[in-house]
Amino acid sequence: MKDKSKNKRPKLLIIDKEQFGQLTDLFKWCEYLRDDYDITVLSAKHGRQIVHLDGIKVIYAPFKFPYMIRGIIFLLNAIYLSAGFKGAVIVEYFKGCSAIKLMCPWKKMIVDVRTFSIEADEAFRIKADRMLCKECRHFDLVSAITCGIGDKIGLDTVRILPLGADVISDEVKKYDEKLRILYVGTFINRNIDVMVRGIKMFVERHPELPMTVDIVGDGLPGSLDELKNLSKELCLDSVVTFHGYIPLTQIKPFFDQCNVGLSFVPVTSYYEHQPPTKTFEYIRSGLFCIATETGANKEIINDDNGILIQDTADGLCEGLERYLLKRYEISESRVRESLQDHNWKSISKNYLVQIIEELSQS
């Protein structure tokens, strides 16, 4: 016999041009709201491993077309689904997404902004950010990851939908034994080569120190091979291992075995208000976090859970030196407890549900 109560759940459509499972935030919203909402996700395939989540209906737009045609097909699919959808619609911002709202003006929609442009080219970045702000005006509500980003959008319709993290690993962490470093994240615009050179400097200072470095992620085509070649040139093959992209659902073993997490984000104006997901995830899983001193990381890192560093090879090396001096004093419980309120369940059921309910009442 079917559970009739589940059929009465309000419907929710989430539109994301990235592949489902790639954006941690969206995946976690779905995970914690799937019993409260009948959720459909429109996604695009980007050649990554397909991620499944029980209770979530994922529709993939066709992938095997040239880039421009794929974009048009995705947009047409989004408009078609939105037009007849009997529930709230959340659009994860992408360039041109306002066309969905303009073609379906009767539909109540939220646009979610996780980030402004992080392109290194200033002129391109300014143009992209202006476009984002302009497109946000068309939506009923705007959710933004931080107050800094919300202020930059500058609309009365902005609501804050912050970043969080689940406990990925419950394994006991010991900091006075082998140094096991973990980096998880994209390679795009992150200067991972600088991070690798910083590791080399530290290894040269402590050749007898037992340590491993696991680097999980990838970037533009060819970037992973370039970094592997750099590591080989620096004779780091016995220390550094590149694992490529690993789905969120398979990341736990790395968090289990490591005791230090690297949150290596360039210290620039366009990363200032972008809190890295992994900073939260490292700390909530008991990894002591060595993080570059962006404005966002400054709000997260304290004496109990990490060390702030410059975004240079020297800065990383010095940060690891400070860790060696501090490691016997680190308390795993204080590391974990420092961000215990930043969990995805609370953010999904409180912040996001409140925004959806406001949209429904508007």
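Contact here means heavy atoms within 4.5 Å. With that in mind, welcome to this predicted model.

**Stop one: the sheet.** Select strands 10, 9, 8, 11, 12 and 13, and you have an open sheet of six strands in the order 10-9-8-11-12-13, paired in parallel. Strand 10 and strand 13 (306-309) stand at the edges with a single partner strand each, so one side of each has no neighbour in the sheet. Look along the sheet and you can follow its twist: neighbouring strands are turned by 20° against each other on average, direction ignored.

**Stop two: inside the sheet.** Now pick strand 8 and strand 11, which run parallel and are joined by two bridges. Zoom in on I181 and you will find its bridge partner, V260, in strand 11.

**Stop three: helix 7.** Next, select residues 192-205. Helix 7 has 14 residues and reaches 20 Å from its first C-alpha to its last, close to the 20 Å expected at 1.5 Å a residue. This helix packs on the sheet, touching strands 8, 9, 10 and 11, and its direction makes about 175° with that of strand 9. Show side chains for the buried residues of helix 7: I192, M195, V196, G198, I199, K200, F202 and V203. Besides strand 8 (179-184), strand 9 (211-216), strand 10 (240-244) and strand 11 (260-263), these buried residues pack against helix 8 (223-233) and helix 12 (313-326).

**Last stop: helix 12.** Finally, select helix 12 itself. Helix 12 lies across strand 8, strand 11, strand 12 (288-292) and strand 13, and runs at about 155° to strand 13.

Terms used. Residues numbered from 1 in each chain as written. Predicted model: local features only at pLDDT ≥ 70, side-chain atom pairs only at ≥ 80, totals over all residues. Heavy atoms only, no water. Helix = DSSP H or I, 4+ residues; strand = E, 2+ residues; numbered from the N terminus. Expected span 1.5 Å × (residues − 1). Buried < 20%, exposed > 50% of the residue type's maximum accessible area, 1.4 Å probe, protein only. Pairing = 2+ DSSP bridges. Axes fitted to C-alpha atoms, helices over the stretch in contact; angles between N-to-C directions.
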